[in-house]
Amino acid sequence: MENITWKVTDGIAEIGLKRPPANALARSVIEELSEVFENVYNDDAIKVAIIYGEGRFFAAGADIKEFTEVGDSEEFAQLGKKGQDTFNKIEAAPKPVIAAIHGAALGGGLELAMACHIRLAAPETKLGLPELNLGLIPGFGGTQRLPRLVGQPKALEMMLTSAPITAEEALNVGLVNKVCDEDHLLEEARAMARTIAAKSPLTVKRVLELTKMGEGALKEGLDKEIAYFSEVYQKEDRIEGVNAFIEKRKPVFRGK
C-alpha cells in the first residue's frame, strides 16, 4: 500500500496514515483503509485496531485539489459515498478501533476519528469541520456523528463557524476520551488496546453492537448528507471556496 502502513502485534493492528505532508484523505487513502479493514474483520488474530497518523498530523482533511478534478456532482456524490461507506465499515467493525490523534484532525480527518470507537488526543491537537469555509458541507458522516458525540448545539457551533477546538475542549464536550502527552500517545493507545484485547472477544463484540443500536436512524441522515453534499458541488460558492483555498485567499461567497 502506498498511503497506509500496518502491522499486527499480539492481537493489535496498528494502522498508520502515511500521505505527507498532511495525510490528506484522498480517494486512494480511503480505498486502502477499506481494504485494510477487510483484514481487520476477517483475521481472528486481531482483537483491537489503532489508527494513527505518521508525521505531523493525524489527518488534516480531504485532498482539496482532488475536488477540482471531479467531473460532475454525481461523481462528487460517489466520492462522498465511498468515504461514508469506509467510515461506516470502521464504525461497524466487530473489534474496537482506537484513534490516536495528534497535530490536526480536520474535515475528513475528524470524520475518520469520529468513526472510531475511542479517541485519544495529544494536547496541541486541533479538531474541527471547516468545510463551510470552502462552500461545502461535511460529506463523510460529520453532520451525523458530531451531534451524536457532542450534542446538537456544540456541533452546530463547530460546523457553522468552521473554527477548530482544542484537545482539552474536545475532552470537555465528549469528542475525545482522553488527552495524552504526544510523546506517549501511541503507547497510551497500545496500553488501552492491550486491556481490551484481554477481554472475551464475544463480549466485546456484543457491547459494540448493542451500543450502536441506541443511536437511531444514522443511515437516513447519511443518505441526506450525500444528497446535499452533491447539491453544493454544483454551486458557484463551492467553486469559489475551493479556488480561494488553493490560491490562499479569503473566499467571497454570493449564495449561488
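In the predicted model, Cys180 counts as buried because its relative accessibility is 4% or less, namely 3%, where buried denotes under 20% relative accessible area, exposed over 50% and partly exposed the range in between (1.4 Å probe, protein chains only). Cys116 likewise counts as buried, at 4% relative accessibility. The structure holds 0 disulfides, a disulfide being a pair of cysteine sulfur atoms within 2.5 Å; for Cys180, the nearest cysteine sulfur is that of Cys116, 14 Å away.Helix α3 (residues 73–91) comprises 19 residues and reaches 27 Å from its first C-alpha to its last, close to the 27 Å expected at 1.5 Å a residue, the expected span being 1.5 Å times one less than the number of residues. Helices (H or I, at least four residues) and strands (E, at least two) are DSSP runs, numbered from the N terminus. Among the buried residues of α3 are Phe76, Leu79, Gly83, Phe87 and Ile90.

An open sheet of 6 strands, with mixed pairing, follows the order β1-β2-β3-β4-β6-β9, two strands being paired if DSSP finds at least two bridges between them. Because β1 (4–9) and β9 (178–179) stand at the edges, each with a single partner strand, one side of each is left without a neighbour in the sheet. Strand β1 runs antiparallel to β2 (residues 12–17), to which 6 bridges join it, and Ile15 of β2 is the bridge partner of Trp6.

Residues are numbered from 1 along each chain as its sequence is written, and side-chain values use heavy atoms, with hydrogens and water left out. As the model is predicted, local features need pLDDT of at least 70 and side-chain atom pairs count only at pLDDT 80 or more, whereas totals for chains, interfaces and linings use all residues.
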